[in-house]
Amino acid sequence: MLRRGVFVCFLLGILVIMPMVLLAPQPVLAAADSYVTRYLKVSEPVPLELDAEGHTRLFSAEDLSAGKRLFEQNCLNCHVGGATLPDPTISLSLTDLQGATPPRKDINSLVAYLRQPMTYDGSEETFWCRQVPESWMSQTQIEDLAAFVLRAAQKAPGWGIDNLES
């Protein structure tokens with residue numbers, strides 16, 4: 001009789017605990033976008049320049065995929081494939097990003113530009129590109145967006161006008 005009671009308690013325990021285990025929230029793993037893995041050639045984290053002093057930070061395929069989603073949601077209307085529709089003479093190519101005043105060739109300088117957009121020569125504010133305050137995009141989000149743009153400028157075939165590195 002005692003064994004039967006232990007067995008019944010065991011079964012009741014399983015019936016109570018198993019649904020809680022199976023229905024518990026599971027962490028959602030961010031998937032890497034196929035464009036990021038195929039065209040930006042990112043499967044392992046890649047170092048991208050943070051500043052003019054050459055400091056770098058690793059960005060994963062998931063980070064760049066998040067940046068790509070932000071780009072598609074917020075920048076794609078004017079920057080299809082790295083072109084700049086309001087001014088086709090200036091693209092998001094690596095050459096044009098480096099040639100801006102100040103240069104927009106690293107994460108911090110591109111983030112600074114997005115926080116306060118200036119004309120290509122740096123002489124005045126521009127209204128062609130929307131200002132992105134922290135209330136709109138967090139620092140992490142805007143860095144992922146900048147990382148996507150820089151990596152695309154480095155690796156994506158046909159991004160902007162040119163690619164210095166293939």
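User: Contact means heavy atoms within 4.5 Å. What covers the buried residues of α3?

Analyst: This is a predicted model: local features need pLDDT of at least 70, side-chain atom pairs count only at pLDDT 80 or more, and totals for chains, interfaces and linings use all residues. Residues are numbered from 1 along each chain as its sequence is written, and side-chain values use heavy atoms, leaving out hydrogens and water. The buried residues of α3 (under 20% relative accessible area, 1.4 Å probe, protein chains only) include Leu64, Lys68 and Phe71. Helices (DSSP H or I, at least four residues) and strands (E, at least two), both numbered from the N terminus, supply the cover, which includes α2, β1, β2 and α6.

User: Which residues does Leu64 contact, leaving aside its neighbours within four places in sequence?

Analyst: Leu64 is one of the buried residues of α3. Beyond those neighbours, its contacts are Val36, Val42, Val46, Leu48, Phe59, Ala147, Phe148 and Arg151.

User: Which element gives the most residues to the largest nonpolar core?

Analyst: A nonpolar core joins buried Ala, Val, Leu, Ile, Met, Phe, Trp, Tyr and Cys residues through side-chain atoms within 4.5 Å. The largest has 34 residues, and Leu64, Phe71, Ile107 and Trp159 have the most contacts inside it. Two or more residues come from each of β1, α3, α4, α5 and α6. With nine residues, the element that gives the most is α6.

User: In β2, what is the bridge partner of Glu49?

Analyst: Strands pair if DSSP finds at least two bridges between them. β1 and β2 do this in the antiparallel sense, over four bridges. Opposite Glu49, the partner in β2 is Thr56.

Conventions: Buried means under 20% relative accessible area, exposed over 50%, partly exposed in between (1.4 Å probe, protein chains only).
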